[in-house]
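Here is a set of short exercises to work through with the model open beside you. Try each task before you read its solution.

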Amino acid sequence: MRVAIVGTSGAVGQEFLRVLAERNFPLDDLVLFGSSRSAGSVYEFKGKKYTVKELKHNDDFKDIDIAFTSAGASISKEFAADITKYGAVMIDNSSAFRMDPEVPLVVPECNAADALNRPKGIIANPNCTTIMMVVVLQPLEKLSHIKRIHVASYQAASGAGAAAMAELEQQYREVLDNKPVTVNKFAYQLAYNVIPQIDVFTDNGYTKEEMKMFNETKKIMHSDVNCSAMCVRVPSLRSHSEALWIETEKPISIEEARQAIETGEGLQLLDDPANKKYPMPLFLAGKDDVYVGRIRKDLSCENGLTLWLVGDQIKKGAALNAVQIAEYLIKVGNVK
């Protein structure tokens, strides 16, 4: 099993290395790729050092079985043919192919089998906020069909990459030292602020991030559900949070919802408000699962529930989800 990582130097690329090691992923060889700027960098994986190769249009992927790509949509589009030419499975973390009808969009807890039908040799990793949300929705959907979703996301700096995380830390220091605040990765200063915009606005007034949640949820869950999202950047460093309201066809009791979450795949119930126990990003960075709390009836909707969820956006929202897809393919014998 030969595995490649494209975009090794980025936050998600680095998380791929950690997740593959943590899970003892069954690989025999690892090949790292990056830009001309990253080429020559050396990273350690399970006690062995690997040098990053420059990504080029050539036959470097001829003997690769699985390629995890996280170098941005433009790079994924440009190099997809090179990566898949000889049968490698490309598991892509960008937005490039998510809504392509010939590319499965997969969250293993929800629709793992979709990964088996990939005409282009590509499997798309969904948007981080969508991944976390559908992992929570899946066990509730089994109780009663979800008709409508409203969600507000509170997204950490990590969603904009490693440089954005560093900039947030720098901004806090600059504010406290009464220095001019550096603003490069965000539209405004994020320290001591929240920004109600993630990605660019579309013609309907929603951002691309919000429209990803609308479109991707339908595709992953094979559902007619409509999702109205408000995505907000907040000054936490890592792990995204979401406030979620759902309307189901039949009423779901609090007890049923709690049981479904507690036994759901990839989920942890943390819901004891009397003792101030609920998910918070400060404590959940590096965790595999999505944590759920504040489960209660929606007072404005007869068949409504509302809850709070937190998950590590770089881990389950990106690298871990992709690795879980690869693990599923290996388990069912669906790799070249």
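## Exercise 1: A bent helix

Helix α4 is mostly covered, with 13 of its 16 residues buried. Please keep in mind throughout that this is a predicted model.

**Task.** Find where helix α4 bends, and by about how much.

**Solution.**
- Step 1: Go to residues 128-143, which make up helix α4.
- Step 2: Stop at Leu137, where the helix bends by about 35°.
- Step 3: Look a little further along, and you meet a proline, Pro139, within four residues of the bend.

## Exercise 2: Rings that meet

**Task.** The structure holds six aromatic pairs. Take Phe25 and Phe68, classify their geometry, and work out which parts of the chain they tie together.

**Solution.**
- Step 1: A ring pair is described by the distance of the centres and the angle of the planes.
- Step 2: For Phe25 and Phe68, the centres are 6.3 Å apart and the planes make an angle of 75°. Planes over 60 degrees apart count as edge-to-face, so the Phe25 and Phe68 pair is edge-to-face.
- Step 3: Phe25 sits in the loop between α1 and β2, while Phe68 belongs to strand β6, so their pairing ties together parts that are 43 residues apart in sequence.
- Step 4: Check the surroundings. Phe25 is buried at 3% relative accessibility, and Phe68 is buried at 0%.
- Step 5: Now try Phe45 and Tyr50, another edge-to-face pair, at 6.4 Å centre to centre and 65° between the planes. Both Phe45 and Tyr50 are buried.
- Step 6: Return to Phe25 and Phe68, and add Phe16: ring pairs link these three into a cluster.

## Exercise 3: A salt bridge inside one helix

**Task.** Describe the salt bridge between Glu15 and Arg18, and say whether each partner is buried or partly exposed.

**Solution.**
- Step 1: Side chains of opposite charge can pair when their charged atoms come close. In Glu15 and Arg18, the closest N and O atoms are 2.7 Å apart.
- Step 2: The two residues are three apart in helix α1, so about one helical turn separates Glu15 from Arg18.
- Step 3: Glu15 counts as buried, at 3% relative accessibility, whereas Arg18 is partly exposed, at 40%.

## Exercise 4: A network around Lys315

**Task.** Trace the salt bridges that Lys315 makes with Glu22 and with Asp288, then place them in a network.

**Solution.**
- Step 1: Start with Glu22, whose side chain meets that of Lys315 in a salt bridge of 2.8 Å, N to O. Distant parts of the chain are linked here, since Glu22 is in helix α1 and Lys315 in helix α9, 293 residues apart.
- Step 2: Compare the partners. Glu22 is exposed, at 52% relative accessibility, but Lys315 is buried, at 3%.
- Step 3: Move to Asp288, which also forms a salt bridge with Lys315, with closest N and O atoms 2.8 Å apart. Asp288 lies in the loop between α8 and β13 and Lys315 in helix α9, so this pair ties together parts that are 27 residues apart in sequence. Asp288 is partly exposed, at 30%.
- Step 4: Put the picture together: Glu22, Arg23, Asp288, Lys315 and Glu327 are linked in a network of salt bridges. A search of the whole structure finds 20 salt bridges.

Notes
Residues are numbered from 1 along each chain as its sequence is written. This is a predicted model: local features need pLDDT of at least 70, side-chain atom pairs count only at pLDDT 80 or more; totals for chains, interfaces and linings use all residues. Side-chain values use heavy atoms; hydrogens and water are left out. Rings of Phe, Tyr and Trp (its six-membered ring) pair if their centres lie within 6.5 Å; planes under 30 degrees apart count as stacked, over 60 as edge-to-face and the rest as tilted. Buried means under 20% relative accessible area, exposed over 50%, partly exposed in between (1.4 Å probe, protein chains only). The bend at a residue is the angle between axes fitted to the seven residues ending there and the seven starting there. A salt bridge is a side-chain nitrogen of Lys or Arg within 4 Å of a carboxyl oxygen of Asp or Glu.
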